[in-house]
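This report describes selected features of one structure, from a single residue to the sheet, the aromatic rings and the charged pairs. Please consult the sequence and the coordinates alongside the text.

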Amino acid sequence: KRYEHKYLKNAKGEKEIVRRKYAKKLASMAEFAEDFMQQHFKDFREKVMLEEVMTYKFNGWILKGQFDRFEVENKALIDLKVTTVWTYKNKTEHKTYSWQQNIYALMIKKIYNLDVDKASLLFWFRDFQKIKRGQGLYPPAKVWEYPVKLLPLDEVEDYVIERIKLHQKVETEGEDSYECSPEERWAEPDM
């Protein structure tokens, strides 16, 4: 039940029942793994951080984020994404996911003074079909690790502050002071 909120909050639409089934199963697996590790390895918390909620103040505003897994010794940040093969193949969320991982790496450095040398996304495809694996851009397995390019931390911090300043400008000067691009609005191209 500890992890259900994370995986269930994205369930919506006509396939909600299937998504909820996967989400509950995934949450149950995550809870079992965490409980097992904490019971059997006293130093687990020093080696692996799970579902850590972080808050840090940038330019007067508090930014909050929660990563899935950070392996302290390996300096590896891993985020689990339950998604569709279509989303993966078309890379519709890759840029957003990449910024998310880079911002988490920045926050880990600022809050815990730990370096992140490797970041990846662990995709779990709800609609994976074994018969199609390896064809073109189709993933080779139901669970697939995708590396994320880490950017220099100063570049990431500049990006975060720039985005916060834009929000602050809109808050003080009104919505007409900045017009979001179609990409920022997650707009679909006209058909």
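## Leu 122 and its surroundings

Leu 122 has a relative accessible area of 28% and is therefore classed as partly exposed, since that class covers values between the 20% limit for buried and the 50% limit for exposed residues. The model in which this residue is described is a predicted one. Leu 122 belongs to strand 4, which comprises residues 118-125.

Leaving aside residues up to four places away in sequence, the contacts of Leu 122 are Ile 78, Asp 79, Leu 80, Lys 81, Val 143, Trp 144 and Glu 145. For Leu 80, which is 42 residues apart from Leu 122 along the chain, the C-alpha separation from Leu 122 is 4.7 Å.

## The sheet

The sheet is open and consists of five strands in the order 1-2-3-4-5, with mixed pairing. Strand 1 (48-58) and strand 5 are the edge strands, each of them pairing on one side only. On average, and with direction ignored, neighbouring strands of the sheet are turned by 40° against each other.

Strand 3 (residues 76-83) and strand 4 run parallel and are joined by eight bridges. Ile 78 has Ser 120 in strand 4 as its bridge partner.

## Helices on the sheet

Helix 5 (residues 94-112) packs on the sheet and touches strand 1, strand 2 (61-71), strand 3, strand 4 and strand 5. The direction of helix 5 makes about 85° with that of strand 1. Helix 6 (residues 153-173) lies across strand 1 and strand 2, and runs at about 145° to strand 2.

## Aromatic pairs

The whole structure contains 10 aromatic pairs according to the search. One of them joins Tyr 88 and Tyr 146: the ring centres are 6.1 Å apart and the planes stand at 85°, so the pair is edge-to-face, given that plane angles over 60 degrees fall into this class. Because Tyr 88 lies in helix 4 (residues 85-89) and Tyr 146 in strand 5 (residues 143-148), the pair ties together parts that are 58 residues apart in sequence. Tyr 88 is buried, at 12% relative accessible area, whereas Tyr 146 counts as partly exposed at 21%.

Phe 123 and Phe 125 form a stacked pair, with 5.8 Å from centre to centre and 15° between the planes. Phe 123 counts as buried at 1% relative accessibility, and Phe 125 is buried at 0%. Tyr 88, Tyr 97, Phe 123, Phe 125 and Tyr 146 are linked by ring pairs into a cluster.

## Salt bridges

Five salt bridges are found in the whole structure. Asp 79 and Lys 81 form one of them, with 2.8 Å between the closest N and O atoms. Both Asp 79 and Lys 81 are buried, and both are among the residues that Leu 122 touches.

Another salt bridge brings together the side chains of Asp 115 and Lys 109, at 2.9 Å from N to O. Asp 115 is partly exposed, with a relative accessible area of 36%, and Lys 109 is partly exposed at 27%. The side chains of Lys 110 and Glu 157 also meet in a salt bridge, at 3.3 Å from N to O. This pair links distant parts of the chain, with Lys 110 in helix 5 and Glu 157 in helix 6, 47 residues apart. Lys 110 is partly exposed, at 32% relative accessible area, and Glu 157 is partly exposed at 23%.

Key. Residues numbered from 1 in each chain as written. Predicted model: local features only at pLDDT ≥ 70, side-chain atom pairs only at ≥ 80, totals over all residues. Heavy atoms only, no water. Helix = DSSP H or I, 4+ residues; strand = E, 2+ residues; numbered from the N terminus. Buried < 20%, exposed > 50% of the residue type's maximum accessible area, 1.4 Å probe, protein only. Contact = heavy atoms within 4.5 Å. Phe/Tyr/Trp six-rings, centres within 6.5 Å; stacked < 30°, edge-to-face > 60°. Pairing = 2+ DSSP bridges. Axes fitted to C-alpha atoms, helices over the stretch in contact; angles between N-to-C directions. Salt bridge = Lys/Arg side-chain N within 4 Å of Asp/Glu carboxyl O.
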